[in-house]
Amino acid sequence: MKELNSFLQNRSVRRVGVFLLIAFVLYLLRSQMNIILLTFIFSYLITRLENFILRRISIYRQIIVLLLYVVIAAVIVFVFVKYIPVLADQINQLVKFGNHFLTTDSNNDFINYIIGLANQFDIMKYTEQGVSMILTYLTNVGTVLMNVFIALMLSLFFSLGKEHLISFTNQFSTSKIAFIYEEVKFFGSKFVATFGKVIEAQFIIALVNAVLTTIALWILGFPQLMTLSIMVFLLGLIPVAGVIISLVPLTIIGYSIGGLEYIFYILIVVIIIHALESYVLNPKLMSAKTNLPVFYTFIILIFGEHFFGIWGLIVGIPVVMFFLDVLGVTNQEEDEQPKDTISHT
C-alpha cells in the first residue's frame, strides 16, 4: 500500500496521468475543437497585439481591446461576405482551366513534356480532391462564420475579464485538486509558450508573404489581386508547404496571362519569398527549438492532414513543438553556439 501511494505521489506519474486526463477531455470535446482552437488563437494574438499597442500608447486597456475586436470583426465579416464567394468561384474556374491545360496539346515541347508527366501521375485527381475539400469549407460559410463569431465572443470575454479570470483560477491552487491544477498550469504555460509562439510567427510570416506576393502579382498585371492575396495568406498559414502549394495556381494563371515567361517570373518570386521565410523570418520569429528539418515538417503535415484535416495542416507543427518542449528536446548545436562564440572571443 505504501509503495502504491509513493508511486501515485511521484511527480512524473501524476504529470502523465493529468496529461492523459486532458487528452481524454479534449477527445470528448472534439466536436467543439474548431471553437476551442479559434478561441485560443484569437485570444493569444489579440493579447500580443494589445500589449504591443499599450507599450506605445497610454490608454485604458479595455478601450484598446474593444477597438481591436470591432476592427477584427468588421474585417472578417467583410472578407467572408465579399471575397469568400469570389474565392470559391475563382478556385472552381482554376480547376476547369487546369483540366483544360492538362488535356490540350501545346506548341511548346517542354510544356507538352510537363503535361505528359502530370497526366502520368494523374496529378489532377489529387488536385481535384484537395480543391473539392477547400470548396466544401469555403461554401459552408454560415457554419464557419458562426464558429468564428462564437470564438471571437469568448476571446473578447477572456480579454476584458482577464485579471478576474486569473485570480479566480488561482484559487484552485489551494483546493483539494491542487495537484491537478499545478500540472494543468504546467502544461498550459508550455502550450502558450510554444503553440502560441509558433502560431503567431506563422501568422506574421503568412501576412508578409501575402503582401510581397500581391505586390509582385500587381507588377505582373495579374487579375483578382485581392482574391489571390487571400488565397496566398490562407495557404501561408501552412508552414513551409503553403508557399509551395500556392505555386501551382499562380503558375497556371501566369501561363494563361504571359506564357512561359510569366511562369519563370512566378518561380523567381516564390523562390525569393521562400528564401526570405527560411533565412530571415523564421530565425527572427522562432527560436532554435522550433527549427524543424524540412523532412520532419512534411511528415507532420501529411499525417496532420490525414487525421485532422485542414486544422492538421495549420496546427500540426505547433502541437509537435509543444510536445518537444514538454519532453525537453532542444537544438544542441544552437545551445552550444553561444559558448563557442564566447570562448573564441
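**Salt bridges and helix packing in the predicted model**

Glu200 and Arg48 are joined by a salt bridge in which the closest N and O atoms are 3.1 Å apart. The two residues belong to distant parts of the chain: Glu200 lies in helix H10 (residues 178-220) and Arg48 in helix H3 (residues 33-54), with their positions 152 residues apart. The partners differ in their exposure to solvent. Glu200 has a relative accessible area of 17% and is therefore buried, the limit being 20%. Arg48 is partly exposed, because its relative accessibility of 43% falls between the limits of 20% and 50%. The structure described here is a predicted model, and the count of salt bridges in this model comes to 5.

A second salt bridge connects Lys162 with Glu50, at an N to O distance of 3.9 Å. This pair also links distant parts of the chain, with Lys162 in helix H9 (residues 162-169) and Glu50 in helix H3, 112 residues apart. Both Lys162 and Glu50 are buried. A further salt bridge is formed by Glu163 and Arg61, whose closest N and O atoms are 3.2 Å apart. Here Glu163 is again a residue of helix H9, while Arg61 is in helix H4 (residues 61-82); the two are 102 residues apart. Glu163 counts as partly exposed because its relative accessible area is 48%, below the 50% required of an exposed residue. Arg61, at 13%, is under the 20% limit and is therefore buried. Glu50, Arg61, Lys162 and Glu163 are linked in a network of salt bridges. In general, side chains of opposite charge can pair when their charged atoms come close.

The loop between H3 and H4 contains Arg56. With a relative accessibility of 56%, this arginine is over the 50% limit and so counts as exposed. A polar atom of the Arg56 side chain lies 3.1 Å from the backbone oxygen of Phe52.

Helix H4 comprises 22 residues and spans 32 Å from its first C-alpha to its last, close to the 32 Å expected at 1.5 Å a residue. Its buried residues are Arg61, Ile64, Val65, Leu68, Tyr69, Ile76 and Phe80. Viewed down the axis of H4, these buried residues fall within an arc of 125 degrees, so they line one face of the helix. An α-helix has 3.6 residues a turn, so residues three or four places apart point the same way. The exposed residues Leu67, Val70, Val71 and Val81 are carried on the face of H4 turned away from its buried side. Arg61 thus appears both among the buried residues of H4 and in the salt-bridge network.

The unreviewed UniProt entry places the feature "transmembrane region" at residues 66-84, 134-158, 201-220, 232-256, 262-282 and 294-324. In the model, residues 201-220 are 100% helix and 0% strand, with the end C-alpha atoms 28 Å apart. Residues 294-324 are 97% helix and 0% strand, and the end C-alpha atoms of this segment are 16 Å apart.

For the chain as a whole, the secondary structure amounts to 16 helices and 0 strands. Of its 345 residues, 35% count as buried. Among contacts with a separation of 6 or more, 75% are accounted for by residues 24 or more positions apart.

Technical notes
Residues are numbered from 1 along each chain as its sequence is written. This is a predicted model: local features need pLDDT of at least 70, side-chain atom pairs count only at pLDDT 80 or more; totals for chains, interfaces and linings use all residues. Side-chain values use heavy atoms; hydrogens and water are left out. A salt bridge is a side-chain nitrogen of Lys or Arg within 4 Å of a carboxyl oxygen of Asp or Glu. Helices (H or I, at least four residues) and strands (E, at least two) are DSSP runs, numbered from the N terminus. Buried means under 20% relative accessible area, exposed over 50%, partly exposed in between (1.4 Å probe, protein chains only). UniProt positions are given in the numbering used here, feature names are shortened, and annotations may be inferred rather than shown by experiment. A polar contact is a pair of N or O atoms within 3.5 Å; within protein, one must be able to donate a hydrogen and the other to accept it, and residues adjacent in sequence count only if both atoms are side-chain atoms. The expected span of a helix is 1.5 Å times one less than its number of residues. The arc is that of the directions from the helix axis to the C-beta atoms. Contact means heavy atoms within 4.5 Å.
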